[in-house]
Amino acid sequence: KLNNINLNDEVAEFIASRVLSSIRELEGALIRVGAFASLTNQKLTIELAQKVLINLKENGNGKNGKEEIQLNKVLKILSKNYSVSISDLKSHKRQKDIAATRQIAFYLMKKITFFSLKTIGEYIGGRDHSTVIHAITKVEKQLKTDEHLTKKLKLLEEEVLAS
């Protein structure tokens, strides 16, 4: 109800059966499915939930060997859309365009995956979780005032979830 996600008992039970490790990950799965349904203007069904949660193993926590594939998907899409190489995103280069794209990567990875800040930071150049928090906070502040960025990130999120 807090996130305005309307789902029937059957879909709720399916999502609950996919995540048993923590309430935080369960909430993340629900938000991810709800966001995808909203972004694509689709009804929330078991089929849709299966598609969105495909990387979660039955009764698992999502870390089923597809971690790198899922995180790399975000990097590939950002690399294509912002013309920044994946190696630059993982590097310690601090050029404005690279750093800004890297911050968006941190934001999207946290929003649409189930991985911890530590895991995300380690994946992108061995960064500390506090760096990831800073990046996410910075992007969230920008989203409050930049309508173009808000639209762009919604499109990027939809592209990641659809692929």
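In this predicted model, leucine 89 sits in helix α5, which spans residues 86-90. Leucine 89 has a relative accessible area of 0%, so it is buried. Its contacts beyond four places in sequence are Leu75, Val84, Ile98, Thr101, Arg102, Ile124 and Arg127. One of these partners, isoleucine 124, is 35 residues away along the chain. The C-alpha atoms of leucine 89 and isoleucine 124 are nevertheless 7.0 Å apart.

Aspartate 88 belongs to helix α5 as well. Its relative accessible area is 18%. The cut-off for a buried residue is under 20%, and aspartate 88 is therefore counted as buried. Beyond four places in sequence, aspartate 88 touches Lys93, Ile98 and Arg102. Ile98 and Arg102 also appear among the contacts of leucine 89.

The loop that leads from α4 to α5 contains serine 83. Serine 83 has a relative accessibility of 67%, so it is classed as exposed. Its phi is positive, at about 55 degrees, although serine 83 is not a glycine. Most residues other than glycine have a negative phi. Asparagine 41 also has a positive phi, near 55 degrees, and is likewise not a glycine. Asparagine 41 lies in the loop between α2 and α3. With a relative accessible area of 72%, asparagine 41 is exposed.

The interior was examined next. The largest nonpolar core has 44 residues. Within this core, Ile15, Leu53 and Met109 have the most contacts. Elements that give two or more residues to the core are α1 (9-18), α2 (23-39), α3 (46-52), α4 (67-82), α6 (96-112), α7 (117-123), α8 (129-145) and α9 (147-162). Helix α6 supplies the largest share, with 8 residues. Methionine 109, one of the residues with the most contacts inside the core, touches Leu71, Val74, Leu75, Ile120, Tyr123 and Ile124. Residues up to four places away in sequence are not counted in that set. Leu75 and Ile124 are also contacted by leucine 89 of α5.

Packing between helices was then considered. Two packed helices are described by the angle between their axes and the distance between the axes. Helices α6 and α8 cross at roughly 95 degrees, and their axes come within 8 Å. The two helices are therefore roughly perpendicular. On the α6 side, the contact is formed by Gln103, Ile104, Phe106, Tyr107 and Lys110. On the α8 side, the residues are Thr131, Val132, Ala135, Ile136, Lys138, Val139, Glu140 and Leu143. By class, this contact has 8 nonpolar, 2 polar and 3 charged residues.

Glutamine 103 of helix α6 gives a closer view of this contact. Glutamine 103 is buried, with a relative accessible area of 15%. With neighbours within four places in sequence left aside, glutamine 103 is in contact with Ala135, Lys138 and Val139. Ala135, Lys138 and Val139 are among the α8 residues that meet α6.

Helix α6 also packs against α9. Here the angle is about 55 degrees, and the axes are 11 Å apart. The two helices are therefore oblique to each other. Their crossing is right-handed. From α6, the contact involves Ile104, Tyr107, Leu108, Lys111 and Ile112. From α9, Leu149, Leu153, Leu156, Glu157, Val160 and Leu161 take part. The contact of α6 with α9 comprises 9 nonpolar and 2 charged residues, with no polar ones. Ile104 and Tyr107 of α6 take part in the contact with α9, and also in the contact with α8.

Helices α8 and α9 pack against each other too. Their angle is about 115 degrees, and their axes are 6 Å apart. Val139, Gln142, Leu143 and Thr145 of α8 meet Glu147, Leu149, Thr150 and Leu153 of α9. This contact has 4 nonpolar, 3 polar and 1 charged residues. Val139 and Leu143 of α8 meet α9, and these two residues also meet α6. Leu149 and Leu153 of α9 are in contact with α8, and they belong to the contact with α6 as well.

How values were computed
Residues are numbered from 1 along each chain as its sequence is written. This is a predicted model: local features need pLDDT of at least 70, side-chain atom pairs count only at pLDDT 80 or more; totals for chains, interfaces and linings use all residues. Side-chain values use heavy atoms; hydrogens and water are left out. A nonpolar core is a set of buried Ala, Val, Leu, Ile, Met, Phe, Trp, Tyr and Cys residues joined through side-chain atoms within 4.5 Å. Buried means under 20% relative accessible area, exposed over 50%, partly exposed in between (1.4 Å probe, protein chains only). Helices (H or I, at least four residues) and strands (E, at least two) are DSSP runs, numbered from the N terminus. Contact means heavy atoms within 4.5 Å. Axes are lines fitted to C-alpha atoms, for helices over the stretch in contact, and angles run from 0 to 180 degrees between N-to-C directions. Angles under 35 degrees count as roughly parallel, over 145 as roughly antiparallel, 65 to 115 as roughly perpendicular and the rest as oblique. A crossing is left-handed if the near helix is turned anticlockwise from the far one by less than a right angle, and right-handed if clockwise. Ala, Val, Leu, Ile, Met, Phe, Trp, Tyr, Cys and Pro count as nonpolar, Asp, Glu, Lys and Arg as charged, and the others, Gly among them, as polar.
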